Amino acid sequence: MAQEYVVLNEKVELGRIAINKSVIQSISEISIADIENASLAPVTRFSKPVTIRIEDNKLTVEADIEVKYGANASVTSELVQNKIYENILFMTGFKANDISINVVGFNI
């Protein structure tokens, strides 16, 4: 079963430190907004643009983005992937195992 949080410190004297999935989702959404040629895919009734899965304390991020028309989709996807990884690592100290970026459309 999937967890709702990532455990950073398993056993410490006063307890353990964990981060909720919603925090990682917010970090990912902010990271996408920082990239000039990328934007979040629109939220639909059945899907969200950023999906976070945590299984056995391994973090997987999947993001749907739209790329600005005329920009290189491959380069933009790589920039988004690196930005999400760096921001999660910087803000939480936890390394994401897998970050998948899906280009679902283009902005004109």
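## What counts as a core

A nonpolar core is a set of buried Ala, Val, Leu, Ile, Met, Phe, Trp, Tyr and Cys residues joined through side-chain atoms within 4.5 Å. Keep that idea handy while you look at this structure, which is a predicted model.

In this chain, the largest nonpolar core has 23 residues. Which residues have the most contacts inside it? They are Ile24, Leu59, Val61, Val80 and Ile84. Several parts of the chain chip in: α1, β4 (50-55), β5 (58-68), α2 (73-92) and β6 are the elements giving two or more residues to this core. The biggest giver is β5, with five residues.

## The overall layout

Let's step back to the whole chain. Its secondary structure comes to two helices and six strands. If you read along the sequence, the pattern goes β-β-α-β-β-β-α-β.

How big a box do the C-alpha atoms fill? Taken along the principal axes, the box is roughly 55 × 30 × 15 Å. The chain has 108 residues, and buried ones make up 35% of them.

## Helix α1

Helix α1 covers residues 21-34, which is 14 residues. At 1.5 Å a residue, α1 should span 20 Å, and its end C-alpha atoms are indeed 20 Å apart, so the two values agree.

Now for its sides. The buried residues in α1 are Lys21, Ile24, Gln25, Ile27, Ser28, Ser31 and Ile32. Why can we say that they line one face of the helix? Because, seen down the axis of α1, these buried residues fall within an arc of 160°. Turn to the other side of α1 and you'll find Ile30 and Ala33, which are exposed.

## Helix α2

Helix α2 has 20 residues. From its first C-alpha to its last, α2 reaches 28 Å, close to the 28 Å expected at 1.5 Å a residue.

Which residues of α2 are buried? The list is Thr76, Ser77, Val80, Ile84, Asn87, Ile88 and Thr92. Looking down the axis of α2, you'd see its buried residues within an arc of 105°, so they line one face of this helix too. The face turned away from the buried side carries Ser74 and Phe90, both exposed.

## Far in sequence, together in space

Let's zoom in on Ile88, which sits in helix α2. Buried means under 20% relative accessible area. Ile88 has 1% relative accessibility, so it counts as buried. Along the sequence, Ile88 and Val23 are 65 residues apart, while in space their C-alpha atoms are 9.5 Å apart.

Ile35 offers another pair to look at. You'll find Ile35 in the loop between α1 and β3 (38-40). With 12% relative accessibility, Ile35 counts as buried. Its C-alpha atom is separated by 7.9 Å from that of Thr76, although Ile35 and Thr76 are 41 residues apart along the chain.

## A single salt bridge

How many salt bridges does a search of the whole structure find? Just one. The partners are Arg53 and Glu62, whose side chains meet at 3.8 Å, N to O.

Are these partners buried, exposed or in between? Arg53 is partly exposed, with a relative accessible area of 37%. Glu62 is partly exposed as well, at 29%.

## A nonpolar patch outside

Finally, have a look at the surface. Tyr69, Val103, Phe106 and Ile108 form a nonpolar patch there. Together, these four residues have about 530 Å² of accessible area.

One member of the patch, Val103, is found in strand β6 (residues 98-107). Is Val103 buried, exposed or partly exposed? Its relative accessibility is 34%, so Val103 counts as partly exposed.

Conventions
Residues numbered from 1 in each chain as written. Predicted model: local features only at pLDDT ≥ 70, side-chain atom pairs only at ≥ 80, totals over all residues. Heavy atoms only, no water. Patch = residues over 30% accessible without salt bridge, like charges linked within 9 Å, V, L, I, M, F, W, Y side chains within 5 Å. Areas by Shrake-Rupley, 256 points an atom, 1.4 Å probe, with all protein chains shown as cover. Helix = DSSP H or I, 4+ residues; strand = E, 2+ residues; numbered from the N terminus. Buried < 20%, exposed > 50% of the residue type's maximum accessible area, 1.4 Å probe, protein only. Expected span 1.5 Å × (residues − 1). Arc of directions from axis to C-beta.
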